[in-house]
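Colleague: Hi, I'm new to this one. Could you walk me through it?
Modeller: Happy to, let's look together.

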Amino acid sequence: MRDTLVLNASFEPLSTVTLNRAVVLVLQDKAVVEQSHPDLRMRGAAVDIPVPRVIRLCRYVRVPFRRQAPWSRRGVLIRDQHRCAYCGRRASTVDHVVPRAQGGQDTWLNTVASCAEDNHRKAARTPEQAGMPLLRQPFVPSPAEAMLLAMRTDDRSALPEWLDHAAA
């Protein structure tokens, strides 16, 4: 079962937690269930609650402002929806627009998802040098966008209906 989305008291997405942690927060009256799995319940001797998909904290938690989501290979693949920036086919690797051999860094704006064939064909060249224009430009996702993108399923399906509210 996938992690549970945690919303701040103001309905802003904060993070995800394991199902067990979500249940503990609800049982300790620190959070309320905003949306649950249909027909699934957690039962114990003195407990009977719906299995939470989304919980909302009862008290507002101040979160330090974060300008940018941390870069990761997985994040780049998810941001680009596992689509090659050069041909549009399924991507399984990350390519550096300005290759590391030419001083390129691991940043959101310098990396794109790529299929293995195009990554190998481009090699240690820029897209211009290789004659391989980008189909779309890389961008920096906000921290909230990065978290919501990371919660998509591995088959890159659309956001679950319970994330629609958080994405708005």
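**A chat about the core and two unusual residues**

Colleague: Let's start with L134. What does L134 touch, leaving out residues up to four places away in sequence?
Modeller: Bear in mind that this is a predicted model. In it, L134 touches A85, Y86, V97, V112 and P127, with residues up to four places away in sequence not counted.

Colleague: Which residues of the largest nonpolar core touch the most other members?
Modeller: That core has 16 residues, and the ones touching the most other members are L77, C84, Y86, A91, V112 and L134.

Colleague: And which elements each supply at least two residues of this core?
Modeller: Those include α2 (73-79) and β6 (111-114). Another core lies apart from it, with 12 residues, including V17, A22, L25 and V26.

Colleague: Changing topic: is V51 buried or exposed?
Modeller: V51 has a relative accessible area of 5%, so V51 is buried. You'll find V51 in strand β4, which covers residues 48-57. Its C-alpha atom is 8.2 Å from that of P38, and the two residues are 13 residues apart along the chain.

Colleague: Now D29. What is the sign of its phi?
Modeller: Positive, at about 60°, although D29 is not a glycine. Most residues other than glycine have a negative phi. D29 is in the loop between α1 (19-27) and β3 (31-43), and D29 is exposed, with a relative accessible area of 62%.

Colleague: And where is D39?
Modeller: D39 is in strand β3. D39 is not a glycine either, yet has a positive phi of about 70°. With a relative accessible area of 79%, D39 is exposed.

How values were computed. Residues numbered from 1 in each chain as written. Predicted model: local features only at pLDDT ≥ 70, side-chain atom pairs only at ≥ 80, totals over all residues. Heavy atoms only, no water. Helix = DSSP H or I, 4+ residues; strand = E, 2+ residues; numbered from the N terminus. Buried < 20%, exposed > 50% of the residue type's maximum accessible area, 1.4 Å probe, protein only. Core = buried A, V, L, I, M, F, W, Y, C linked by side-chain atoms within 4.5 Å. Contact = heavy atoms within 4.5 Å.
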